[in-house]
Amino acid sequence: MRKLKAWGQSSLGPLWALPTLLLAMAVSGAADVPTYLWQDTATREWLTCARCPPGTFVQQPCRRDQPTTCGACPPRHYTQFWNYLERCRYCNIICGEHEEEARQCSATHNRACRCRQGFFAHAGFCLKHAQCPPGAGVTAPGTPSQNTQCQPCPTGTFSATSSSSEQCRPHRNCTALGLALNVPGSSSRDALCTSCTGFPLGPGEPGTEECERAVIDFVAFQDISFKRLQRLQQALGEPEDQSLPPSREGRTALQMKLRCRLSELRETRNVPLLTQLLAALRAAGLPGLQRSVLARFLPAN
């Protein structure tokens with residue numbers, strides 16, 4: 001008599017935890033079921049026992065006259081593969097900071113975690129997706145496994161804010177809108193358009209609201225150095241802001257402060273805005289910008 005038996009001498013017994021699955025396997029052929037060697041503790045015989053399917057464990061190894069008895073995994077335990085384990089494995093994965101459950105613990109799988117939306121996996125941690133800075137656009141949004149991909153905005157496009165989703169957008173076409181280009185767009189700012197063709201009454205008289213807004217933008221967003229912007233800020237009666245670094249971000253912040261200051265002067269109405277502005281440009285030692293303002297807004301003077 002052979003002492004290596006695939007299933008013992010009896011048919012599938014009622015103690016199987018997954019009878020339907022195992023019966024189907026028996027019909028298709030017992031040779032398809034993985035096996036393992038087991039030494040019967042009573043007879044000392046080596047037997048070839050069937051392994052237990054995923055979701056179960058070996059409750060009782062096979063004997064000469066009895067197949068392997070498999071038991072179902074208890075709650076919070078699992079076996080993922082065909083096995084001959086004496087007990088199921090514990091679902092020991094706990095989702096950490098910035099993670100969410102991608103797959104619940106089940107009889108056949110451990111719990112699986114993934115990074116929450118807005119984060120990606122790197123070196124065992126979930127890191128927040130980077131934001132592309134102004135002047136750069138998103139070429140590939142971040143995923144659970146990859147950070148945001150950015151690239152500088154090409155000529156004719158811009159991105160005005162820090163964003164993890166915004167792409168570079170084309171500059172506004174002033175001509176197509178029936179307007180004049182007031183300030184060319186940059187990589188971090190859209191083109192600024194206006195309907196103003198010049199102040200109608202000269203530098204000593206109030207201008208139209210549209211022209212006053214246009215001259216404010218024209219001066220505030222000029223492509224001049226950080227130090228020259230600081231000189232103009234002081235000439236307009238604002239103290240020098242020592243907290244702003246001479247970086248791209250600092251320059252942008254200073255331009256916005258200048259724009260706010262010029263808007264304040266426009267609201268006072270004590271002295272026409274253009275008169276105050278031309279005086280400030282002279283005091284700041286910016287004759288080139290002064291000539292540009294005169295040519296653009298007072299072409300007949």
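**Group meeting: a walk through a predicted model**

Let's start with one residue, Arg76: at 55% relative accessibility, Arg76 counts as exposed, because the cut-off for that word is over 50%. Arg76 sits in the loop that joins strand 4 (69–72) to strand 5. Its backbone has a twist worth knowing about: phi is positive, at about 65°, although Arg76 is not a glycine.

Now hold that picture in mind and look at Arg44. This arginine also has a positive phi of about 65°, and again the residue is not a glycine. You will find Arg44 in the loop between strand 1 (35–39) and strand 2. Is Arg44 buried or exposed? Arg44 counts as exposed, with a relative accessibility of 52%.

Before we go on, a word about trust. What you see on the screen is a predicted model. The mean pLDDT of the protein chain is 85, and 86% of the residues reach 70 or more. Where is confidence lowest, and where is it highest? The low end is helix 1, residues 19–28, with a mean of 42, while the high end is strand 5, residues 77–78, at 98. Over residues 1–29 the pLDDT is below 50, and this stretch has 55 contacts in the model beyond near neighbours in sequence. So please read that part of the picture with the confidence values beside you, because pLDDT is the predictor's confidence in each residue.

Let's step back to the whole chain. The protein chain has 6 helices and 16 strands. Of its 301 residues, 36% are buried. Take the contacts with a separation of 6 or more: 47% of them are between residues 24 or more positions apart. The accessible surface comes to about 17300 Å², and 53% of that belongs to carbon and sulfur atoms.

Cys52 gives us a nice example of residues meeting from different places in the sequence. Cys52 lies in the loop between strand 2 (46–50) and strand 3 (56–60). Buried or exposed, what would you say for Cys52? Cys52 is buried, with a relative accessible area of 0%. Who is around it? Setting aside neighbours within four places in sequence, Cys52 is in contact with several residues, including Phe57, Val58, Cys70, Phe81 and Trp82. Also on that list are Thr68, Thr69 and Asn83. Then there is Tyr84, which is 32 residues away from Cys52 in sequence, with 6.2 Å between their C-alpha atoms.

For a contrast, turn to Ala295 in helix 6, residues 287–297. Ala295 counts as exposed, at 55% relative accessibility. Its C-alpha atom is 9.1 Å from that of Gly198, and the two residues are 97 apart along the chain.

My last stop is the largest pocket, which holds about 480 Å³ of space. How many residues line the largest pocket, and which lie nearest its centre? The lining has 22 residues, and those nearest the centre are Ser186, Ser188, Arg189, Phe221 and Gln255. Strand 15 (180–183), helix 2 (209–220) and helix 4 (248–268) each supply at least two lining residues. Which of the elements gives the most? That is helix 4, with 7 residues. By type, the lining divides into 8 nonpolar, 7 polar and 7 charged residues.

That's my tour, so do spin the model around and visit these places yourself. Thanks for listening!

Technical notes: Residues numbered from 1 in each chain as written. Predicted model: local features only at pLDDT ≥ 70, side-chain atom pairs only at ≥ 80, totals over all residues. Heavy atoms only, no water. pLDDT = per-residue confidence, 0-100. Helix = DSSP H or I, 4+ residues; strand = E, 2+ residues; numbered from the N terminus. Contact = heavy atoms within 4.5 Å. Buried < 20%, exposed > 50% of the residue type's maximum accessible area, 1.4 Å probe, protein only. 1 Å grid on protein atoms, 1.4 Å probe; cavity = no way out; pocket = protein on both sides within 12 Å on 5 of 7 lines; lining within 4 Å. Points joined across faces, edges and corners; volume = space filled by probe spheres on them. Nonpolar A, V, L, I, M, F, W, Y, C, P; charged D, E, K, R; others polar. Areas by Shrake-Rupley, 256 points an atom, 1.4 Å probe, with all protein chains shown as cover.
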